[in-house]
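Hello,

Here is the structure I promised to pass on. Have a look at it first, and then read on for some notes on its charged side chains.

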Amino acid sequence: MFETFFNECYSKRNPNARLFHELLESTSRVVNLVEYKDTHHSDRVALNCLRLARRVGISDQYTLAQVYFAGLLHDIGEIGIPDNLIYKKGKLSEEEFQTLTTHTAIGQQIASQVPVLSQAAQLILWHHERWDGTGYPEGLTMDETPMLAQVVSLCDAFDNIRRGGLFSKPEDWDKELVRFAGIQFNPSLVRPLIDLTKEGLADDTERSPEDDEVLNAMERQRDVIEQLRENYVGIIVNFLLTLLEAKHKDSALHSKRVARLCHRMGQQMKLSEQELQALVIAGNLHDIGKVGIPNSILDKPGLLDDQEYREVQKHPQYAATILKPLSGFEEVNEAVLYHHERWDGCGYPEGLKGEDIPLLARILHLCDLADALIHLKPVPEHRATDKVRYVIEDGFGSYFDPDLSRFFEADASEPEDAGDSL
């Protein structure tokens, strides 16, 4: 769907772009944004998964990369769990526990949007299975659970133990691992992890040259790069939209509608095909930064207080942080970062004014508010177009670039169903 954008921004401008590494860095930034409980927990788990897998004899670079990504994304499904449940202290009710267990399936669904991570997605699904069969979601026992999923399970629990997340005495981490060997953990994995830790190899949070070589090898695998080049932009957009939908479904649906509205308006303006596709991508991803905003704020009824409003205002910058590693997305990133700037200079995050605001950001701002007026601030159906026309037309010259008034149609702000896959 985004062939022109990819050809112009990657194949011609940057033919040697390291697509796998860009995807990795963007994914890492997503994880750090959504990791409320313990920032960098997943980074540590990912590295320890890689090192433990190598220690127990796994040498295939593709397989090692899969276990690394499984460690990095193992808790990404928690984005679909209510904040109050994630933060709850004390024992969960049975209903609460069952809700929490769904995070492995949610994580699998999110990771599976990236075809080269299909194996990692399965490991995420099974990373809470236990050696004795009392885990979830399938109650697999012993070697019914793939070895790499057992590696992720152990490294996840190990990091929690050492930081007091599961047990009261993190200093007794090695005794805890031994105590649960054969119950929660594969006993053949426990000793190698203890040895790695005592050798000082489980505490380094920076990738070593040996670790990096695993990821470099992925960049050299023809089938991996062919999969990415075939639909790189669509993969990124689908991955991030699936993530946003798990976090906040209304925001994801809104983003798809805004993308369609941007497409219509861009066609009216006779933008080039590359600009038009960049605008549509920005429409889809303009609210991805909301993955870093608590649902308690996103779903709060009534007005936000000043602190909550300041938190919401961070979402364009969060989005830009996620998109920055993608070398072909500079124009998209600008549009997303500045889509809440106003023509009169009273917007955010930088208070840009007039033509200092990139054109695509000006268009996106208009389409964003037009959709929000109908779908996020409901009005009777027969009054919707009148409200959009009144608010938007009144805003040209203050909120919006007055030149855009020639291309905006109030009755086009109700685009058809936006649920199609990209």
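Glu 213 is partly exposed, because its relative accessibility is 29%. Please keep in mind that this is a predicted model.

Glu 213 has a charged partner: the residue forms a salt bridge with Arg 220, and the closest N and O atoms are 2.3 Å apart. Arg 220 itself counts as exposed, at 55% relative accessibility, where the cut-off for that label is over 50%.

How many salt bridges does a search of the whole structure find? The search turns up 18. One of the pairs is Arg 54 with Glu 210, with 3.4 Å between the closest N and O atoms. Arg 54 sits in helix H3 (residues 41-55) and Glu 210 in helix H12 (residues 209-220), so this salt bridge ties together parts that are 156 residues apart in sequence. Glu 210 is partly exposed, with a relative accessibility of 49%.

That pair also belongs to a network of salt bridges, which links Arg 51, Arg 54, Glu 210 and Asp 211.

You may like to look at Arg 130 and Asp 132 as well: their side chains meet in a salt bridge, at 3.5 Å from N to O. Both ends can be placed by their accessible area. Asp 132 is partly exposed, at a relative accessible area of 34%, and Arg 130 is partly exposed too, at 22%. For Arg 130, the label follows because buried would require under 20%.

Happy exploring, and do write back with any questions.

Best wishes

How values were computed
Residues are numbered from 1 along each chain as its sequence is written. This is a predicted model: local features need pLDDT of at least 70, side-chain atom pairs count only at pLDDT 80 or more; totals for chains, interfaces and linings use all residues. Side-chain values use heavy atoms; hydrogens and water are left out. A salt bridge is a side-chain nitrogen of Lys or Arg within 4 Å of a carboxyl oxygen of Asp or Glu. Helices (H or I, at least four residues) and strands (E, at least two) are DSSP runs, numbered from the N terminus. Buried means under 20% relative accessible area, exposed over 50%, partly exposed in between (1.4 Å probe, protein chains only).
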